[in-house]
Amino acid sequence: MALINGVHFFKTNKADALKILQTHCTELLKMRDAEEWDCFYENQAASLEIAPCPSIDAIQNVFALAVKRDPEIKEYNTLGLWDLHYVKEVDDSGYIRQLYR
């Protein structure tokens, strides 16, 4: 829920999100002006999904990286390692749709 609410805040409160980022991350991100911040925000906002569910491609990519590190897991069921029932419960409840109305 915290991640869902955080993404909602970020995507729907640009000015407040930028104020927080600018206060805490200007030096870290080496931002110089408002144009850079605007570009950063737009790219980040576009990359965030409203429901934090990984795509099949993302799951397969993470699993392929894990197999490189631990080859003995290559026979595991890739999808069986992901427990997304909490996100599905929240999504099915209509909570996410309600946030973005």
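In this predicted model, Y100 comes out partly exposed, since its relative accessible area is 27% and the buried class stops at under 20% while the exposed class starts at over 50%. Y100 sits in the segment that follows α6 (95–99). Setting aside neighbours within four places in sequence, the contacts of Y100 are V7, H8, K11, T12 and I50. Y100 and A46 are 54 residues apart along the chain, and their C-alpha atoms are separated by 15 Å.

One of those partners, H8, belongs to helix α1. With a relative accessible area of 16%, H8 falls under the 20% limit and therefore counts as buried. Once neighbours within four places in sequence are left out, H8 touches N13, L99 and Y100. H8 has company in α1, where I4, V7 and F10 are buried as well. Looking down the axis of α1, the buried residues fit within an arc of 165°, so they line one face of the helix. The cover over these buried residues includes α2, α3, α5 (85–92) and α6.

Now for helix α3, which runs over residues 34–47. Its 14 residues, at 1.5 Å a residue, should span 20 Å, and the end C-alpha atoms are indeed 20 Å apart, so expectation and model agree. The buried residues here are W37, Y41 and A45. Because they cover an arc of only 60° around the axis, they end up on the same side of α3. E35 and A46, on the other side of α3, are exposed. As for what lies over the buried residues, the cover includes α1 (2–12) and α2 (14–29). The N-terminal end of α3 is capped by D33, which places a side-chain oxygen 3.2 Å from the backbone nitrogen of E35.

W37 deserves a second look. Its relative accessible area is just 4%, so W37 is buried by the under-20% criterion. A pair of aromatic rings is described by the distance of the centres and the angle of the planes. The model has 2 aromatic pairs in total. In one of them, the rings of W37 and F40 have centres 5.8 Å apart and planes at 90°, which makes the pair edge-to-face, given that plane angles over 60 degrees are assigned to that class. W37 and F40 are both residues of helix α3, 3 residues apart, or about one turn of the helix.

The buried residues of α3 turn up again in the largest nonpolar core. That core has 9 residues in all: F10, A17, L18, L21, C25, M31, W37, Y41 and A45. The elements giving two or more residues to the core are α2 and α3, and the top contributor is α2, with 4 residues. In soluble globular proteins, nonpolar side chains tend to be buried together. Within the core, L18 touches both W37 and Y41, with residues up to four places away in sequence not counted.

Between α2 and α3 there is a loop, and K30 is part of it. The backbone of K30 is a bit unusual, with a positive phi of about 55° although the residue is not a glycine. Most residues other than glycine have a negative phi. K30 has 64% relative accessibility, so with the cut-off at over 50% it counts as exposed.

The loop between α4 (56–69) and α5 holds T78, and K74 lies there too. How do these residues fare for burial, buried or exposed? T78 has 19% relative accessibility and so counts as buried, because the limit is under 20%. K74 is exposed, as its relative accessible area of 56% is over the 50% mark. Without neighbours within four places in sequence, the contacts of T78 are I59, Q60 and F63. On the same basis, K74 is in contact with F63 and V67, and F63 thus appears in both lists. K74 and G6 are 68 residues apart along the chain, with their C-alpha atoms separated by 35 Å.

Key
Residues are numbered from 1 along each chain as its sequence is written. This is a predicted model: local features need pLDDT of at least 70, side-chain atom pairs count only at pLDDT 80 or more; totals for chains, interfaces and linings use all residues. Side-chain values use heavy atoms; hydrogens and water are left out. The expected span of a helix is 1.5 Å times one less than its number of residues. Buried means under 20% relative accessible area, exposed over 50%, partly exposed in between (1.4 Å probe, protein chains only). The arc is that of the directions from the helix axis to the C-beta atoms. Contact means heavy atoms within 4.5 Å. A polar contact is a pair of N or O atoms within 3.5 Å; within protein, one must be able to donate a hydrogen and the other to accept it, and residues adjacent in sequence count only if both atoms are side-chain atoms. A nonpolar core is a set of buried Ala, Val, Leu, Ile, Met, Phe, Trp, Tyr and Cys residues joined through side-chain atoms within 4.5 Å. Rings of Phe, Tyr and Trp (its six-membered ring) pair if their centres lie within 6.5 Å; planes under 30 degrees apart count as stacked, over 60 as edge-to-face and the rest as tilted.
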